[in-house]
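Me: I would like a close look at one loop residue and its surroundings. Please keep the sentences short and give every cut-off.

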Amino acid sequence: MYSLAFSILFVSVLVLTLAVRFWLASRQIRHVLAHRAAVPPEFAEKIPLAAHQKAADYTVAKTKFGLLTLLLNYAVLIGFTLLGGLQWLALYLNAWMGPGSPMLYQIGLIAAFAAISGLIDLPFDYYRQFVLEQRFGFNTMARKLFFTDMLKGVGLGALIGLPLIWVVLTLMAKSGDLWWLYAWFVWSGFQLLMMVLFPTVIAPLFNKFTPLADESLKSRIEGLMQRVGFASKGLFVMDGSKRSAHGNAYFSGFGANKRIVFFDTLLSRLAPQEIEAVLAHELGHFKLKHIVKRIAMMFVISLGFLALLGFLKTQPWFYAGLGIDPVTLALTGQPTDALALLLFMLALPVFTFLLGPLTSLSSRKHEFEADAFAATHTQADDLVSALVKMYEDNASTLTPDPLHSAFYDSHPPASVRIRHLKGAAT
């Protein structure tokens, strides 16, 4: 009874989210194409028509490709759940490995699921990089590097992820009803550790980081950091151009381990005062506690989700409603903790998708605040000119559909954001 009701609820929400996604995508495509013929008046003197039309075509192509990958992802989701794919995989591994090593069986189940999902995604990732990005002139990655990155990612995921999975599964099996609370402490500590290790251990596995050599720019940036009270472990340039023509700047790390990183593509395009303004925006996120707030919110949400999983893990209808027969699995004698993790991971995005605009709203609020901070510590016009160049270089559309943007975009639309900055400059 409960399992059937949960299946109906799952399918209903699945269909609703699919319909909303297609509706928003169709709005985006129609809106961008309707404004393709002319550059918005506020950008007419700064962005050529050809660049505007390239951004429109790039946006439409990405949106259409996103719909294709969406259909694939939903098909895979249904295959793993309602069509019994996850149960088949569990039974197959049990028959192959036998009942003698329950922990190895569970880790193997999660690893097999990840491997199958990765193989399904691989052709789409390849197409995105070497067809879609190539068509619009953004791909600079060699095919060898693509597969090298993939192998590094798999190895790093196994090295870091498998021990974490072992700890969580052990807590689920041996820590009683409050296992989810102990798992939350482990997960939170793991996230903080990754923030510390990422800049100096993980990121250098994929990119080369060299100290900023331009002394004039370095002096300008150090002056900015001194004015806003930001200390870092150094200023670095990342060889982003070996993968993509897109450019950006960011700071990473935690506590005393913070680093400021510039893409080499960004440095080659922006003037020193524009680079300073872009960095001031990024530092605004730090000084206004946006990073701390996001981390705190992530911890609170993850605690709630783990508590929910702690409840669902004990409910037979949760398994049966998502295509798992608890009776059949009980006959194998294997624990179902790994299955609970996988089912929860598969179902959660379906039920939380419609909450996405709340996250986007909070993020856009932070972007406005960081822009205002940058306008206080640098010239607002410098940030405006930098943003215009970045929108042009990254082929970001200047005319997104307002509803699509409100639902998905973490940053405000270009016209709104620049209008706010020009107001600050005035």
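Does Phe43 count as buried or exposed, and at what relative accessibility?

Reply: Phe43 counts as buried, at 2% relative accessibility. Buried means under 20% relative accessible area, exposed means over 50%, and partly exposed is in between (1.4 Å probe, protein chains only). The model is predicted: local features need pLDDT of at least 70, side-chain atom pairs count only at pLDDT 80 or more, and totals for chains, interfaces and linings use all residues. Residues are numbered from 1 along each chain as its sequence is written, and side-chain values use heavy atoms, with hydrogens and water left out.

Start with position. Phe43 sits in the loop between helix 1 (2–34) and helix 2 (49–80). Helices (H or I, at least four residues) and strands (E, at least two) are DSSP runs, numbered from the N terminus.

Now the neighbours. Beyond the residues within four places in sequence, Phe43 is in contact with Val388, Leu398, Ala414, Ser415 and Ile418. Contact means heavy atoms within 4.5 Å. Take Ser415: 372 residues separate Ser415 from Phe43 along the chain, yet their C-alpha atoms are 8.5 Å apart.

Helix 2, which follows the loop, holds Gln53. With neighbours within four places set aside, Gln53 is in contact with Arg36 and Ala37. The C-alpha atoms of Gln53 and Ala37 are separated by 7.2 Å, with the two positions 16 residues apart along the chain.

Next, the C-terminal side. Ala395 lies in the loop between helix 15 (380–393) and helix 16. Ala395 is buried, with a relative accessible area of 2%. The phi of Ala395 is near 55°, a positive value in a residue other than glycine. Lys289 also has a positive phi, near 65°. Lys289 belongs to the loop between helix 9 (272–287) and helix 10 (290–312). As background, most residues other than glycine have a negative phi.

Helix 16 spans residues 402–408 and includes Ser405. Ser405 counts as buried, at 2% relative accessibility. Its contacts, leaving aside neighbours within four places in sequence, are Arg364, Pro400 and Pro413. Ala372 is in helix 14 (residues 356–377). Here the side chain has some access: Ala372 counts as partly exposed, at 41% relative accessibility. The C-alpha atom of Ala372 lies 9.8 Å from that of Ala280, 92 residues away along the chain.

Now the aromatic side chains. There are 24 aromatic pairs. Rings of Phe, Tyr and Trp (its six-membered ring) pair if their centres lie within 6.5 Å; planes under 30 degrees apart count as stacked, over 60 as edge-to-face and the rest as tilted. One pair joins Tyr126 and Phe146, edge-to-face, at 5.6 Å centre to centre and 85° between the planes. Tyr126 is in helix 4 (residues 102–135) and Phe146 in helix 5 (residues 143–174), so this pair ties together parts that are 20 residues apart in sequence. Tyr126 is partly exposed, with a relative accessible area of 26%. Phe146 is buried, at 11%. The rings of Phe146 and Phe147 have centres 5.1 Å apart and planes at 90°, so that pair is edge-to-face too. Phe147 counts as partly exposed, at 35% relative accessibility. Elsewhere, Phe6, Phe10, Phe311, Trp317, Phe318, Tyr319 and Phe351 form one aromatic cluster.

Last, the whole chain. The secondary structure comes to 17 helices and 4 strands. The radius of gyration is 24 Å, close to the 22 Å that the globule rule gives for 426 residues, so the chain is as compact as a globular protein of that length. That radius is taken over C-alpha atoms, and the rule is 2.2 Å times the number of residues to the power 0.38. Along the principal axes, the C-alpha atoms fill a box of roughly 70 × 50 × 40 Å. Phe43 is buried, and buried residues make up 44% of the 426 residues. Of the contacts with a separation of 6 or more, 78% join residues 24 or more positions apart.

The accessible surface comes to about 20,900 Å², and 68% of it belongs to carbon and sulfur atoms. Such areas come from the Shrake-Rupley method with a 1.4 Å probe; for residues, only the protein chains shown count as cover. The chain carries 35 positive and 27 negative side chains, with the centres of the two sets 2 Å apart. Lys and Arg count as positive and Asp and Glu as negative, while His and the chain ends are not counted. Each charge is placed at NZ of Lys, CZ of Arg, CG of Asp or CD of Glu.
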